[in-house]
Amino acid sequence: MNNILAVEQFSFRTSSSTEKFSYKLIDDILNALSNRLMVGDIFCDVKKAFNCINHNILLSKLEFYGITGITYKLLKSYLKGRYQRMVLNNYSSSSCLNRGEITHGGPHGSILGPLLFLLYINDLPQITNDNSKIVLFADDTSTIITNPNPLNFEKIVNKIIQDINEWFNTNLLSLNLDKTHFIHFVTKNSSSIYFIIHGNKKIANVYNTKFLGLALDNRLYWRTHIDTIIPKLSSASFALGVLKTFLSLDSLKIIYYSYFHSVMTYGLIFWGNSHQHNIMFRLQKRIIRIIVGIRGRDSCREHFKNLQHITITISIYIFTFAFCDR
């Protein structure tokens with residue numbers, strides 16, 4: 001099955017993660033900027049993608065990918081013949097008594113559901129050309145567009161958004177143009193705004209957006225992302241300060257890893273080298289002082305060792321080597 005799924009798809013697969021997806025996305029952007037190319041990204045929002053899978057289209061795609069015979073019949077039986085009706089406040093009108101057959105969507109909570117969805121959108125990356133590349137994490141779709149010519153760049157971006165929207169319409173999925181964003185990534189010495197229009201809808205040209213838990217800005221400075229997670233880390237520090245008198249050290253450590261460490265280290269390989277990571281280190285030292293009960297100006301170096309907590313600086317090196325080895 002892994003030989004069938006597009007390499008551009010990063011979700012519901014072994015040894016894959018949102019961070020690997022983000023690594024691929026950011027690496028492509030940085031490479032384009034290093035080669036002095038115009039680079040932009042269309043971040044697509046799909047309306048209720050899992051609920052809108054058309055069963056007939058899905059079954060035809062399964063046949064196309066070579067799923068036939070008994071396996072095909074089992075999957076067809078799994079999808080077909082499901083009915084539903086709605087009852088409101090124990091009242092059923094005569095029209096509600098007639099059950100309607102479910103022709104769209106995958107059964108929720110199922111093991112097969114995510115895999116069937118990946119097969120449904122598996123051919124989406126094939127609509128791109130030499131100037132664009134689609135990377136997917138389930139229904140989260142990112143389309144990177146590059147071109148050396150500034151005059152052609154805007155035309156190519158508009159053409160790509162038309163092709164993407166056409167693919168979604170053909171497959172009976174709906175692209176939410178109001179929540180679809182375009183970012184033109186630039187270096188510190190350049191800046192420009194492009195008008196991306198499809199039909200009578202203008203695609204928002206933004207300077208930053210949140211995608212898979214990362215707040216991306218058009219210069220990849222990561223200040224926006226850090227500003228986003230600082231309140232979460234401060235709230236975790238405050239909560240630990242309140243709970244300290246009621247909980248054991250082991251319980252405090254569990255809370256630390258659940259509500260502070262997990263937030264701090266997510267995406268660390270990307271934003272860890274920015275100069276703002278010192279802000280994170282100060283917050284980390286503050287929460288260690290809260291856990292062990294020392295004053296604000298006391299050194300917490302030994303307490304990091306005693307608690308077996310890794311500082312954010314060391315974590316940067318660990319994540320960097322981990323990704324380089326993959």
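## Exercises on a predicted model

A138 is buried, with a relative accessible area of 7%. The model used throughout these exercises is a predicted one.

**Exercise 1. Locate A138 in the chain, and state what is notable about its phi.**

Step one is to place the residue: A138 sits in the loop that runs between β4 (132–137) and β5 (140–147). Step two is to read the backbone, where the phi of A138 is near 60°, a positive value in a residue other than glycine. For context, most residues other than glycine have a negative phi. Step three is to add the surroundings: because buried means under 20% relative accessible area, the 7% computed for A138 puts this residue in the buried class.

**Exercise 2. Carry out the corresponding analysis for W222: in which loop is it found, what is its phi, and is it buried or exposed?**

W222 belongs to the loop between β10 (214–217) and α7 (223–243). Its phi is near 75°, again a positive value in a residue other than glycine. With a relative accessible area of 5%, W222 is buried.

**Exercise 3. Describe the two faces of strand β9, and then its pairing with β10.**

Begin with the faces of β9 (residues 208–211): T209 and F211 make up the covered face, whereas N208 and K210 lie on the uncovered one. Next, consider the partner strand, since β9 and β10 pair in the antiparallel sense over four bridges. One pair can be checked directly in the structure, as N208 has D217 of β10 for its bridge partner. Finally, look at the turn: the hairpin has two residues between the strands, and L212 takes a positive phi near 55° there.

**Exercise 4. Compare the span of helix α1 with its expected span, and do likewise for helix α10; then list the buried residues of each helix and name the residue that follows it.**

For α1 (residues 18–34), the 17 residues reach 24 Å from the first C-alpha to the last, which is close to the 24 Å expected at 1.5 Å a residue. Its buried residues are E19, F21, S22, L25, I26, D28, I29, A32 and L33. After the helix comes R36, which has a positive phi near 60°.

For α10 (residues 277–292), the 16 residues reach 23 Å, close to the 22 Å expected. Buried here are H277, I279, M280, L283, Q284, I287, I288, R289 and I291. The helix is followed by G293, with a positive phi near 75°.

**Exercise 5. How are α7 and α8 oriented to each other, and which residues make their contact?**

The geometry comes first: α7 and α8 (residues 249–265) pack at an angle of about 170°, and their axes are 9 Å apart. Angles over 145 degrees count as roughly antiparallel, and α7 and α8 are therefore roughly antiparallel to each other. On the α7 side the contact is made by I229, K232, L233, A236, S237, L240 and L243, and on the α8 side by L252, I255, Y256, Y259, F260, V263 and M264. Sorted by class, these are 12 nonpolar, one polar and one charged residues.

**Exercise 6. Apply the procedure to α8 and α10.**

Their axes come within 11 Å and cross at roughly 170°, which makes α8 roughly antiparallel to α10. The contact is formed by L249, L252, Y256, F260 and M264 of α8 together with L283, Q284, I287 and I291 of α10. By class, the contact divides into eight nonpolar, one polar and no charged residues.

Conventions. Residues are numbered from 1 along each chain as its sequence is written. This is a predicted model: local features need pLDDT of at least 70, side-chain atom pairs count only at pLDDT 80 or more; totals for chains, interfaces and linings use all residues. Side-chain values use heavy atoms; hydrogens and water are left out. The expected span of a helix is 1.5 Å times one less than its number of residues. Buried means under 20% relative accessible area, exposed over 50%, partly exposed in between (1.4 Å probe, protein chains only). Two strands pair if DSSP finds at least two bridges between them. Axes are lines fitted to C-alpha atoms, for helices over the stretch in contact, and angles run from 0 to 180 degrees between N-to-C directions. Angles under 35 degrees count as roughly parallel, over 145 as roughly antiparallel, 65 to 115 as roughly perpendicular and the rest as oblique. Contact means heavy atoms within 4.5 Å. Ala, Val, Leu, Ile, Met, Phe, Trp, Tyr, Cys and Pro count as nonpolar, Asp, Glu, Lys and Arg as charged, and the others, Gly among them, as polar.
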